[in-house]
Amino acid sequence: MHKMRFFGGIALVAVSAAGCGLVPASPERDVLVPAEPTMIDFVEPAEVSGLSSRTLAPTGDEHVYVSYPHLKDTPRLNEALREEADRLVRDFREDTGDAGPDAATGSDRPELNVDWQLTAASARIIGVRLRAGRHLGDGWTYSTRTLWYDRQSRRTIGSPGLLSGKDAVGTLTGLVKNGLTDRGADVSLGRLATEDGVFDSLTFNRSGDLVVEFDDCQLGPCSLGRLAVAVPARQAEPLLSETGRAAQGSARERGRRPLEAAEVVPPSGTNPAPVPDAASSKAGTVDCAKVKCLALTFSDGPGPGTARLLDALREGDARATFFAVGANAAAEPGLLRRIRDEGHLVGNHSWSHRDLSKLPTSKIDDSLARTQETLTAAIGQTPKLARPPYGAVSEDLLDAARKMGLTLVGSDVDLSGRAGEGSEAITARAVENARNGAIILLRETHHASVEAISDILRQLRGKGYVFVTVPELYGFAGMEAGRLYPSDARSMGRQP
């Protein structure tokens with residue numbers, strides 16, 4: 001089923017019939033047309049065959065999380081996306097300099113967060129929009145870049161490649177300038193003609209209008225937020241290259257799909273079937289009051305190493321708790337179902353791994369709620385545990401978790417991976433630091449951690465440990481929503 005997801009703007013301007021005397025494309029009957037023409041309709045990742053998510057995770061205390069898509073049949077696009085991810089990390093590290101991870105703590109710590117959306121996914125065209133957020137101590141700023149892959153020519157191009165040449169760029173510049181001026185926007189229009197890369201995020205809405213996005217602070221004060229312009233389809237079409245016309249056609253094809261029926265509401269007097277709380281199907285088979293228990297927990301997935309982790313856990317007769325990032329889960333719901341089916345537990349790790357302690361309540365709610373919705377849809381259960389990214393907690397986060405019925409989970413032993421650390425070193429730290437009732441943290445996106453799991457299981461089982469999900473450590477005492485459980489079981493009131 002096609003799910004329509006739109007992205008609108010905070011502060012945005014559109015070239016429209018009212019703004020520039022231009023006539024927008026006429027919508028067909030029963031076609032959804034966004035009220036705001038700069039809205040972008042993203043493709044649901046789970047609908048795209050062969051799609052998975054890749055992650056550049058932080059090392060040590062660095063607050064860096066970059067995700068991007070990976071498709072089995074587009075190696076050149078995959079390479080370009082990895083290069084762009086590396087560039088964003090490199091630029092961030094250069095810009096932060098002495099303000100790196102050891103120079104600041106808490107809300108002052110610099111942070112880079114990159115997530116992605118598919119703006120097109122057809123037999124001919126793939127469009128990937130990378131959205132980079134940076135926090136350098138004075139609030140968040142965002143930039144976007146949209147890359148396009150033409151399956152016919154097997155070429156990856158930046159957004160300017162959607163245009164037919166310099167003349168088209170000049171014409172588009174004029175249209176955007178006129179639109180911004182006519183709408184009274186107070187921005188630095190001269191930069192449109194002089195700044196390289198000013199059109200680095202071009203895409204199309206469902207009507208085929210060309211949506212031009214600008215980075216925060218690019219054309220005016222950062223307080224403007226997202227600034228975008230929609231050029232009507234009939235004005236944009238003469239400016240497009242062959243690949244651009246194919247991308248526009250893909251957007252129009254999506255726009256021709258009839259509106260989906262609204263969610264069916266049960267008849268009056270009936271109650272929908274309740275969704276059960278997430279729980280391990282093997283819970284209750286171990287009494288942690290009588291044996292030595294450990295809770296292995298994995299964060300940041302699902303990803304390319306998740307299947308191997310599950311294989312190792314099955315071979316080692318162990319179960320674990322997986323804290324999934326919502327954006328990754330949306331791309332690979334099948335892995336979540338395998339986690340559930342093999343007796344493990346799925347938890348919430350926010351939508352895009354941003355430091356929730358830096359965010360206002362509304363954005364905390366949105367990040368957790370979107371992830372809850374995605375995970376519940378995938379596994380048919382409602383997660384009751386959440387892990388805050390970077391272990392950062394605020395009162396607003398605790399309140400949000402309490403309202404959603406979520407218990408926050410930290411760790412006693414952090415094996416998430418240090419720069420340059422191999423699997424043998426990770427195993428050694430696991431064995432050295434393990435203790436009865438501990439919660440152990442690893443990242444399933446960290447290659448050396450995945451490699452270490454089999455040895456960790458073997459050596460710790462040899463010391464008499466049994467591996468269970470987090471709630472099993474607490475026995476009948478249970479876990480309380482809105483509370484953080486980061487430390488030794490006994491000090492938190494767990495049953496001995």
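This is a short walk through one predicted protein model, from the whole chain down to a single residue.

Some ground rules before the details. The model is predicted, with local features needing pLDDT of at least 70, side-chain atom pairs counting only at pLDDT 80 or more, and totals for chains, interfaces and linings using all residues. Residues are numbered from 1 along each chain as its sequence is written, and side-chain values use heavy atoms, with hydrogens and water left out.

Overall content, then. The protein has 14 helices and 20 strands; these are DSSP runs numbered from the N terminus, H or I with at least four residues for a helix, E with at least two for a strand. Of the 496 residues, 53% are buried. Buried means under 20% relative accessible area, exposed means over 50%, and partly exposed lies in between, with a 1.4 Å probe and protein chains only. The exposed area is about 21,300 Å², and carbon and sulfur atoms supply 49% of that. Those areas come from the Shrake-Rupley method with a 1.4 Å probe, and for residues only the protein chains shown count as cover. Among contacts with a separation of 6 or more, 71% are between residues 24 or more positions apart; a contact means heavy atoms within 4.5 Å.

Next, strand β12, residues 292-301. Since 9 of its 10 residues are buried, β12 is largely enclosed by the rest of the structure. What does β12 pair with? Two strands pair if DSSP finds at least two bridges between them. With β19, residues 465-467, β12 runs parallel over 3 bridges, and Lys292 stands opposite Tyr465 there. With β18, residues 439-443, the pairing is parallel over 5 bridges, and Thr297 has Leu441 as its bridge partner. With β13, residues 320-324, there are again 5 parallel bridges, and Phe298 faces Phe322. Between β12 and β13 the chain passes through helix α7, residues 306-315, in a right-handed β-α-β crossover. Right-handed here means that, with the strands pointing away from the viewer, the path from the first strand over the helix to the second runs clockwise.

Now β5, residues 111-121, which has 10 of its 11 residues buried. On the parallel side of the account, β4, residues 63-71, joins β5 through 4 bridges, with Val64 opposite Leu112. On the antiparallel side, 10 bridges link β5 to β6, residues 125-135, and one bridge pair there is Glu111 with His135. The β5 and β6 strands make a hairpin with 3 residues between them.

There is also an open sheet of 3 strands, ordered β9-β10-β11 with antiparallel pairing. Its edge strands are β9, 202-204, and β11, 227-231, each pairing on one side only. The twist averages 25 degrees from one strand to the next, where axes are lines fitted to C-alpha atoms, for helices over the stretch in contact, and angles run from 0 to 180 degrees between N-to-C directions. Strand β10, residues 210-214, meets β11 through 5 antiparallel bridges, and Val212 stands opposite Val229.

Last, one residue. Thr55 sits in β3, residues 51-56. Is Thr55 buried or exposed? Its relative accessibility is 15%, so Thr55 counts as buried. Leaving aside residues up to four places away in sequence, Thr55 touches Tyr65, Val66, Ser67, Tyr68, Asn328 and Thr445.
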